[in-house]
Amino acid sequence: MAVRAAGQIAGICHLYRSSSLGGFRTLSQNVSSSKHTPSNETTVDHLIYTPEHFALKESIKKIIDQEINPHVDQWEAEGKFPAHRIFKILGNAGILGVNKPVEYGGLGLDFSYSVAVSEELGNIRCGGIPMAIGVQTDMATPALARFGSHELKTEFLLPSILGDKVACLGVSEVGAGSDVSSIMTKAVREGDEYVINGGKMWTTNGTQADWMCLLANTSDGPPHRNKSLICLPMDLPGVHIARQIDKMGMRSSDTAEVFFDDVRVPSKNVIGQEGMGFTYQMLQFQEERLWAVANTLTTMDIVIQETIDYTRQRKIFKMPVLHHQTVHFRLAELQTEVELLRSLLHRATALFIKGNDVTKLASMAKLKAGRLARELGDSCLQYWGGMGFTNDVLVSRFYRDSRLISIGGGADEVMLGIICKYMDTLPK
Amino acid sequence: MSGRVLVGVKRVIDYAVKIRVKPDHSGVVTEGVKHSMNPFCEIAVEEAVKMKEKKLIKEVVAVSCGPQQVQETIRTALAMGADRGIHVEVSAKEYESLGPLQVSKILAALAKKEEAQLIILGKQAIDGDCNQTGQMTAALLDWPQGTFASEVTLEGGHVKVVREIDGGLETIKINTPAVLTADLRLNTPRYATLPNIMKAKKKKIANVKPADLGVELASKLQVLRVDAPPQREAGVKVESVADLVAKLKEAGTI
């Protein structure tokens with residue numbers, strides 16, 4: 001019978017492709033149960049995506065299924081994923097420079113392609129690796145791409161886009177997170193060098209990075225105008241990786257605390273104009289935040305779908321957990337909120353690629369993403385019961401990983417402050 | 001020799017999707033379901049593109065038969081490195097009854113028109129599992145065939161094909177022009193990189209109708225009914241080999 005044989009061939013292809021779709025290792029699945037693939041988007045009538053976007057997503061999905069997902073559990077346990085290897089694979093596929101200039105190995109496409117990449121990366125079965133990729137593509141490199149000299153771009157941007165060099169972002173410090181303007185790291189000019197002293201915290205990719213996009217104070221003056229972005233090679237004398245931080249979640253992403261002890265860097269390594277560093281970094285916040293939202297949406301779809309599949313076959317009081325109204329109604333509420341957030345993301349992206357400022361919408365989306373992820377993780381984990389409390393399932397990893405969204409990349413409270421500014425409700 | 005290779009690609013339901021039978025048992029649900037290129041067709045495209053990269057052949061032409069949507073599949077082939085595409089347009093209604101015999105006739109006609117040196121197909125599609133199109137196409141053209149290929153080597157006017165057969169591996173040498181069908185271990189298909197996806201937008205897909213090729217699509221086969229396989233029953237645990245043998249005898253299987 002064609003239907004059964006197709007399943008056999010599909011089975012062989014599963015072994016061949018080492019696909020981890022479904023991801024249940026402890027459950028048997030009902031072959032004839034109906035299943036919708038989480039995002040049933042089609043090319044027709046999509047708000048921002050063309051067939052090329054969907055073709056790109058397909059390629060990324062294949063890379064994730066073959067090169068990344070089979071190893072996630074191991075990398076989570078080890079506390080680190082092989083950034084150079086994975087970034088090289090992604091670089092070869094053209095994924096790391098989607099909206100970067102063509103002259104430096106990028107594709108010069110608009111931000112909707114970055115959003116498509118981010119959405120597809122949400123298929124990775126952890127939050128750490130997409131976050132690490134996001135730092136490489138949309139946090140450590142945008143200012144360099146926009147304002148860096150040709151020499152700087154050739155030395156740092158081109159290899160980062162090709163996947164040959166791993167980048168990290170040095171902005172947050174032990175004493176300064178949300179309050180970026182209060183960072184203490186100093187870069188003092190001496191001849192044609194800067195001498196850097198200080199330290200950075202929460203440095204994603206920090207233990208593996210070849211270079212850091214560093215924000216430091218380069219003069220005394222108003223705190224928003226005395227900082228510069230500097231391309232800092234991580235192998236310079238005086239750069240100390242003090243420790244890899246042991247985190248509650250995002251465990252496959254290595255996060256470092258870094259110290260600078262009289263590190264000397266050529267003054268030509270400043271990106272753009274001295275004193276403009278704070279402004280440059282602020283300019284890319286819209287993209288960073290929309291990128292984070294895109295990622296989370298896909299993973300939330302997957303968590304809902306896996307919860308449906310689990311509760312459909314798990315029985316309590318003689319019937320599937322899913323058949324209890326509180327369960328399927330709650331999942332419907334959560335899916336509704338996911339779709340609302342998706343609409344906000346696509347609307348903000350559509351406006352952004354036309355040249356509009358979407359700071360308010362991007363801040364709203366980031367705020368909602370962090371909060372919805374926490375609600376969704378919590379509600380879904382409850383329905384998994386005891387199994388949800390183990391480390392063998394995606395929902396518990398998502399619960400841990402997604403807690404960061406409300407904290408990093410602009411805390412919820414910062415987002416609220418921005419929205420209030422636009423609503424003109426802040427005390428004057 | 002023209003140095004032109006024709007590769008047939010089929011758009012099928014994605015291998016990871018759980019298939020559902022339509023309530024009227026006339027077929028499987030395809031509406032709103034994820035489709036992709038048949039995995040064996042991907043392997044066929046990869047083999048052709050590798051031959052071109054080794055400069056053994058000059059041009060790779062991707063062909064697909066079906067309604068408008070199959071153009072997506074042709075584009076995937078173009079993004080993998082095929083040079084141009086041919087979309088043989090078949091209406092959705094006619095597509096329901098399109099089978100290996102009709103497709104073979106189309107491919108045979110195209111091969112003659114394009115003066116192809118080789119036709120490379122996947123050994124079978126994961127929906128129909130027919131494993132007939134390659135063989136029928138070769139027969140219609142009176143060309144040699146190298147099916148279930150796990151290794152292909154072009155040598156002058158011949159092809160050396162290592163075939164996966166029940167007993168192991170068989171190596172044959174056939175003249176070109178020939179038809180080859182790709183088996184699982186022939187190669188590992190490449191990912192379509194984003195630069196190639198964007199370049200593929202500019203590559204041409206020609207539109208052709210079966211009538212233009214002198215092919216009649218009427219099928220003599222009719223699908224009466226489609227059913228899902230029976231649900232897997234729970235298994236039984238046995239304590240020893242003797243128990244196992246007894247149970248198998250009881251069930252009448254030995």
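Strands, in these legends, are DSSP runs of at least two residues marked E, numbered from the N terminus. Please keep in mind that the model shown is predicted.

**Figure 1. A strand residue of chain A with an unusual backbone angle, A:Asp262.** A:Asp262 belongs to strand S7 of chain A, which covers residues 255-266. Its phi is positive, at about 50°, although A:Asp262 is not a glycine. As background, most residues other than glycine have a negative phi. Is A:Asp262 buried, partly exposed or exposed? A:Asp262 counts as partly exposed because its relative accessibility is 47%, and the partly exposed class runs between 20% and 50%.

**Figure 2. Chain B as a whole.** Chain B contains 7 helices and 11 strands. Its C-alpha atoms fill a box of roughly 65 × 45 × 40 Å along the principal axes. Of the 254 residues in chain B, 49% are buried. Among contacts in chain B with a separation of 6 or more, 70% are between residues 24 or more positions apart. Chain B exposes about 13200 Å², and carbon and sulfur atoms supply 52% of that area. As for charge, chain B carries 36 positive and 31 negative side chains, with the centres of the two sets 5 Å apart.

**Figure 3. The open sheet of chain B.** Follow the 9 strands across the sheet and you will meet them in the order S9-S8-S7-S10-S6-S1-S4-S5-S11, with mixed pairing. At the edges are strand S9 (168-175) and strand S11 (205-208), each pairing on one side only. From one strand to the next, the twist averages 30°. Strands of a sheet pair through backbone hydrogen bonds, either parallel or antiparallel. Strand S5 (residues 84-89) of chain B runs parallel to S11(B), and 4 bridges join the two. Look here for B:Ile86, whose bridge partner in S11(B) is B:Ala206.

**Figure 4. Two helices against the sheet of chain B.** Helix H2 (residues 70-80) of chain B packs on the sheet, where it touches S4, S5 and S11 of chain B. The direction of H2 makes about 165° with that of S5(B). Which strands does helix H1 (residues 39-53) of chain B lie across? They are strand S1 (4-8), strand S4 (59-66), strand S6 (118-122), strand S7 (145-155) and strand S10 (178-182) of chain B. Helix H1 runs at about 145° to S6(B).

**Figure 5. Strand S6 of chain B, covered on both faces.** Why is S6(B) described as largely enclosed by the rest of the structure? Because 5 of its 5 residues are buried. In a regular strand the side chains alternate between the two faces of the sheet. In S6(B), B:Leu118, B:Ile120 and B:Gly122 are buried on one side, and B:Ile119 and B:Leu121 are buried on the other. S6(B) pairs with S1(B) in the parallel sense over 3 bridges, and B:Leu6 stands opposite B:Ile119. S6(B) also pairs with S10(B) in the parallel sense, over 5 bridges, with B:Leu118 opposite B:Ala178.

**Figure 6. Two loops of chain B.** B:Glu115 lies in the loop between helix H4 (100-114) and S6 of chain B. Phi of B:Glu115 is near 55°, a positive value in a residue other than glycine. B:Glu115 counts as exposed because its relative accessibility is 56%, and exposed means over 50%. In the loop between S9 and S10 of chain B you will find B:Pro177. A cis peptide bond joins B:Thr176 and B:Pro177, with omega about 0°.

**Figure 7. Buried positions in helices of chain A.** A:Gln281 sits in helix H9 (residues 277-283) and is buried, with a relative accessible area of 5%. Leaving out residues up to four places away in sequence, A:Gln281 touches A:Met139, A:Leu169, A:Val171, A:Leu229 and A:Glu288. A:Gln281 and A:Ala143 are 138 residues apart along the chain, with their C-alpha atoms separated by 6.6 Å. A:Ser379, in helix H12 (residues 359-388) of chain A, counts as buried at 12% relative accessibility. Apart from its neighbours within four places in sequence, A:Ser379 is in contact with A:Arg330 and A:Leu334.

**Figure 8. Helix H4 of chain A and its surroundings.** In helix H4 (residues 83-92) of chain A, the buried residues are A:Ala83, A:Ile86, A:Phe87, A:Ile89, A:Leu90 and A:Gly91. These buried residues pack against helix H2 (51-68), helix H3 (72-78), helix H6 (128-138) and helix H8 (150-162) of chain A. Just after H4(A) comes A:Gly94, with a positive phi of about 80°.

Definitions and conventions: Residues are numbered from 1 along each chain as its sequence is written. Chains are lettered from A and ligands numbered from 1 in the order in which they are written. Side-chain values use heavy atoms; hydrogens and water are left out. Buried means under 20% relative accessible area, exposed over 50%, partly exposed in between (1.4 Å probe, protein chains only). Contact means heavy atoms within 4.5 Å. Accessible areas come from the Shrake-Rupley method with a 1.4 Å probe; for residues, only the protein chains shown count as cover. Lys and Arg count as positive and Asp and Glu as negative; His and the chain ends are not counted. The place of a charge is taken as NZ of Lys, CZ of Arg, CG of Asp or CD of Glu. Two strands pair if DSSP finds at least two bridges between them. Axes are lines fitted to C-alpha atoms, for helices over the stretch in contact, and angles run from 0 to 180 degrees between N-to-C directions.
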